[in-house]
Amino acid sequence: MSTRLPLLQVTHLQKSFDTTTVLNDVSFEVREGEIVCLLGPSGCGKTTLLRVIAGLEIADVGDVIFDDRDVRDVPVHQRGFGFMFQDFALFPHKNVWDNVIFGLRMQNLPPDQIRQQAQAALAMVGLNGFEQRDVHQLSGGEKQRVALARSLAPQPKLLMLDEPLGALDRQLREELMIEVRRILKSARLTAIYVTHDQAEAFAVADRVVIMNAGRIEQIGTPVEVYARPASEFVARFLGLPNLIDGTVISQAANVAVIRTPLGHLHVTTDRTFKPQQAITLLIRPDAAALDPNPFDAEGEWFSETPQANVLEGELIDVAFRGRYQRVVVHVNDVDLVFEIETRSTPGAIGRRVRVALQSDALLIL
Ligand code: ATP
């Protein structure tokens, strides 16, 4: 994929409303055939970024280059982009067919071509046979498919989707996010997909652009950003809450010893740190084993010398989450969150437990 040329390049975009900076030096690119998700909390500037790319807003500074051309002076309808927005409602008094051909009619295409492209779009979203149905006879999921078919039918050079599944309930969203990716890939579309939902971005994207307060925090594949969050913000946003301040004591080859409020921890790393360097350590919630019974009858550790990266603390919370249990262990005044197997028994609240961190549990940010 990395060999493909960028179709869209956004460079150093700056945008303010009154005195508020909403986009701050935003640069990224989208390659041909790629799905890029803009991911970030509400108000971080995702929609504004999309609107600047679409031509619905003008940036104060920076360029939008599409297909090697600066599109600053190209009006919205001449950019050849397609849109699917959460509030981009279907026409309620038209049937499915008339909704899908709407954009094609606007382009004044010959009737044969309109029919062919509309049929192809309906086939792509699996709604052949729904042509004459009234929109109000459709389920929520079917309506979203019609909306997607309507945006696909004009064969846009770039499709922009802004929270396209935001109005749907959780289960339907889960199903459709997989479906949307399949459809976009089978149409070989290049797409920018806005969402505030990490799971949705991970399911849909080839690469994610994580935004915070108008800035880009990190760009990478879902696997890359999850494995190596670039900042505390990204880690927390991806649901990785255990972030601990530490100081590097020493490093031998690829193992650094870090002093933390939890004690000394041994961290495998491919980077080089200086002694006394201050760092932030991420402890992954899903890379630990909890021993609920580490003591004998006299309350002594079964093992006299606890191994490296084994923590001792008090179990203060257990919550059932279906596929896993979320436990909170209080270690030296720090609350650490772990996800452990549903089948395992964490023990009673208030007990002292041991947590063995796996070798991949620790990452220096
Ligand atoms: P959400 O997920 O809630 O839609 P977002 O990440 O898409 O959020 P934007 O809609 O781009 O964020 O908004 C970013 C900031 O810019 C917000 O604080 C918003 O209030 C502000 N904003 C957006 N449009 C305008 C406007 N036309 N005039 C003034 N402020 C605006």
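A polar contact, as I use the term in this notebook, is a pair of N or O atoms within 3.5 Å of each other. I keep in mind throughout that the structure I am reading is a predicted model.

**Entry 1: the ligand**

I began with glycine 43, where a polar backbone atom lies 2.7 Å from an oxygen atom of the ligand, and this pair falls within the 3.5 Å that a polar contact allows. I then looked at the residue before and the residue after in the numbering: an N or O atom in the side chain of serine 42 is 2.5 Å from an oxygen atom of the ligand, and a polar backbone atom of cysteine 44 is 3.1 Å from an oxygen atom of the ligand. I also looked up how much of the ligand is hidden, and found that the protein covers 56% of the 630 Å² of accessible area that the ligand has on its own.

Which residues surround the ligand? I listed Phe17, Val22, Pro41, Ser42, Gly43, Cys44, Gly45, Lys46, Thr47 and Thr48. When I sorted this shell by character, I counted four nonpolar residues, five polar ones and one charged one. I noted as well that helix H1, which spans residues 46-54, gives the most to the shell, with three residues.

**Entry 2: strand E7 and its partners**

Next I turned to strand E7, residues 158-162, and found that five of its five residues are buried. Is each face of E7 covered or open? I found both faces covered, with Leu158, Met160 and Asp162 buried on one side and Leu159 and Leu161 buried on the other.

I then looked up which strands pair with E7. Strand E6, residues 81-85, runs parallel to E7 and is joined to E7 by five bridges, and in this pairing phenylalanine 85 stands opposite aspartate 162. Strand E8, residues 191-195, also pairs with E7 in the parallel sense, over four bridges, and here isoleucine 192 is the bridge partner of methionine 160. I wrote beside this a reminder that strands of a sheet pair through backbone hydrogen bonds, either parallel or antiparallel.

**Entry 3: an antiparallel sheet**

For the antiparallel case I looked at an open sheet of five strands, whose order I read as E13-E12-E11-E14-E20. Its edge strands are E13 (263-268) and E20 (362-364), each of which pairs on one side only. I noted that neighbouring strands of this sheet are turned against each other by 45 degrees on average, with direction ignored. Looking at one pair in detail, I found that strand E12, residues 255-260, runs antiparallel to E13 and is joined to E13 by six bridges, and that isoleucine 258 stands opposite leucine 265 in E13.

**Entry 4: glutamate 131**

I located glutamate 131 in the loop between helix H4 (111-124) and helix H5 (140-152). Why does glutamate 131 count as buried? Its relative accessibility is 18%, and buried means under 20%, so glutamate 131 counts as buried. I also looked up its separation from alanine 278: the two are 147 residues apart in sequence and 63 Å apart in space, taken from C-alpha to C-alpha.

**Entry 5: the whole chain**

Last, I stepped back to the protein chain, which has nine helices and 20 strands. Its C-alpha atoms fill a box of roughly 85 × 45 × 40 Å along the principal axes, and buried residues make up 47% of its 365 residues.

Notes:
Residues are numbered from 1 along each chain as its sequence is written. This is a predicted model: local features need pLDDT of at least 70, side-chain atom pairs count only at pLDDT 80 or more; totals for chains, interfaces and linings use all residues. Side-chain values use heavy atoms; hydrogens and water are left out. A residue is near a molecule or strand if one of its heavy atoms lies within 4 Å of it. A polar contact is a pair of N or O atoms within 3.5 Å; within protein, one must be able to donate a hydrogen and the other to accept it, and residues adjacent in sequence count only if both atoms are side-chain atoms. Accessible areas come from the Shrake-Rupley method with a 1.4 Å probe; for residues, only the protein chains shown count as cover. Helices (H or I, at least four residues) and strands (E, at least two) are DSSP runs, numbered from the N terminus. Ala, Val, Leu, Ile, Met, Phe, Trp, Tyr, Cys and Pro count as nonpolar, Asp, Glu, Lys and Arg as charged, and the others, Gly among them, as polar. Two strands pair if DSSP finds at least two bridges between them. Axes are lines fitted to C-alpha atoms, for helices over the stretch in contact, and angles run from 0 to 180 degrees between N-to-C directions. Buried means under 20% relative accessible area, exposed over 50%, partly exposed in between (1.4 Å probe, protein chains only).
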